[in-house]
Amino acid sequence: MRVLGLSGNVKRPSRTASLVAAVLSRVREHPGTSGELVDAAPVLFQALRADQLDGEGKAIIDRVEAADVLVVGSPVYRASYTGALKHLFDLVDYHALSGKRVILAATGGSVRHALMIEHQFRPLFGFFGALTLSTAIYAVEEDFAGYEVASPAVLERIDRAVSELGLPASARDVAADAIGDRPPLLAANA
C-alpha cells in the first residue's frame, strides 16, 4: 500500500510536516506499506496551471493521484488550510481521488482552530469523492517538543487514525496486545 504524506506548510522546520511524518512513521510499521512525505510547494508554485508543470511537478501530481492513501496536513491559516495546499489540489484531476482514504491532520495556534478540519478539510476531500477517516489529528504548539510530536493524546489519535486504515497488525500492535497495553478503542479496531 502506497501512502503519501502532504504538508501544506511552506516554512522549514515545520510542526505540520513533523505531524504528517509521525503519522507516516506509524503507517510504515505495518507490513506491506510504504510512506513518504512530499515537499510539493516549492515545485508547484512554479506553475499556475497543470499544463505549466515541469517534469518534477507532474511527477508530484502523479504520485498524489496514484497513492492508495493520503495523509494531508496543514497549519490553520486564516481559518482554513493554506494556499499551498489549495494550489496542489487545484492541479489534481478531480476524479483521481475518488474512493481514496485520507487521514486529515492540522496544527494551529489554539484548540479553537481545530474545527478547520471539519469545516474546511472534509468538504475539500468530499468534492473529490475521497473517503476521509473519522479520526482526524489536531495539534497545537504545546503538543510538540521542538518539532517532534510529544503529546500522548496526539500520539493516541495518530494510532487511532492509522488503525482505521485496517492495515495488518504491526509488531508494536502485537506486542501491545500481548501485554494488554493498548487502549480499548485501538484494540477493538485491530
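Biologist: Where does Thr135 lie?

Modeller: Thr135 is in the loop between strand S5 (131-132) and S6; helices (H or I, at least four residues) and strands (E, at least two) are DSSP runs, numbered from the N terminus. Keep in mind that this is a predicted model, where local features need pLDDT of at least 70 and side-chain atom pairs count only at pLDDT 80 or more, while totals for chains, interfaces and linings use all residues. Residues are numbered from 1 along each chain as its sequence is written, and side-chain values use heavy atoms, with hydrogens and water left out.

Biologist: Why does Thr135 count as buried?

Modeller: Its relative accessibility is 6%, and buried means under 20% relative accessible area (exposed is over 50%, partly exposed in between; 1.4 Å probe, protein chains only). Thr135 therefore counts as buried.

Biologist: What makes the pairing of Thr135 and Glu164 a polar contact?

Modeller: Their side chains are joined at 2.4 Å. The term asks for a pair of N or O atoms within 3.5 Å; within protein, one must be able to donate a hydrogen and the other to accept it, and residues adjacent in sequence count only if both atoms are side-chain atoms. So 2.4 Å meets the distance limit.

Biologist: And which residues is Thr135 in contact with, leaving aside neighbours within four places in sequence?

Modeller: Arg157, Arg160, Ala161 and Glu164, where contact means heavy atoms within 4.5 Å.

Biologist: Let's turn to H4. Which of its residues are buried?

Modeller: In helix H4 (residues 83-90) they are Ala84, Leu85, His87, Leu88 and Phe89. Their cover includes strand S1 (2-7), helix H2 (41-44), helix H3 (55-66), strand S3 (69-75) and helix H5 (116-127).

Biologist: How many cavities of 30 Å³ or more does a search of the whole structure find?

Modeller: Just 1. On a 1 Å grid over the protein atoms alone, a cavity is a set of points where a 1.4 Å probe fits but cannot get out; lining residues have an atom within 4 Å of a point. The largest cavity has a volume of about 50 Å³, and H4 gives the most to its lining, with 4 residues.

Biologist: What makes residues of that lining nonpolar, polar or charged?

Modeller: Ala, Val, Leu, Ile, Met, Phe, Trp, Tyr, Cys and Pro count as nonpolar, Asp, Glu, Lys and Arg as charged, and the others, Gly among them, as polar. The lining of the largest cavity divides into 7 nonpolar, 3 polar and no charged. Its residues include Ser7, Gly8, Phe45 and His87.

How values were computed
On a 1 Å grid over the protein atoms alone, a cavity is a set of points where a 1.4 Å probe fits but cannot get out, and a pocket is an open set with protein on both sides within 12 Å along at least five of seven lines; lining residues have an atom within 4 Å of a point. Grid points are joined across faces, edges and corners, and a volume is the space filled by probe spheres set on the points.
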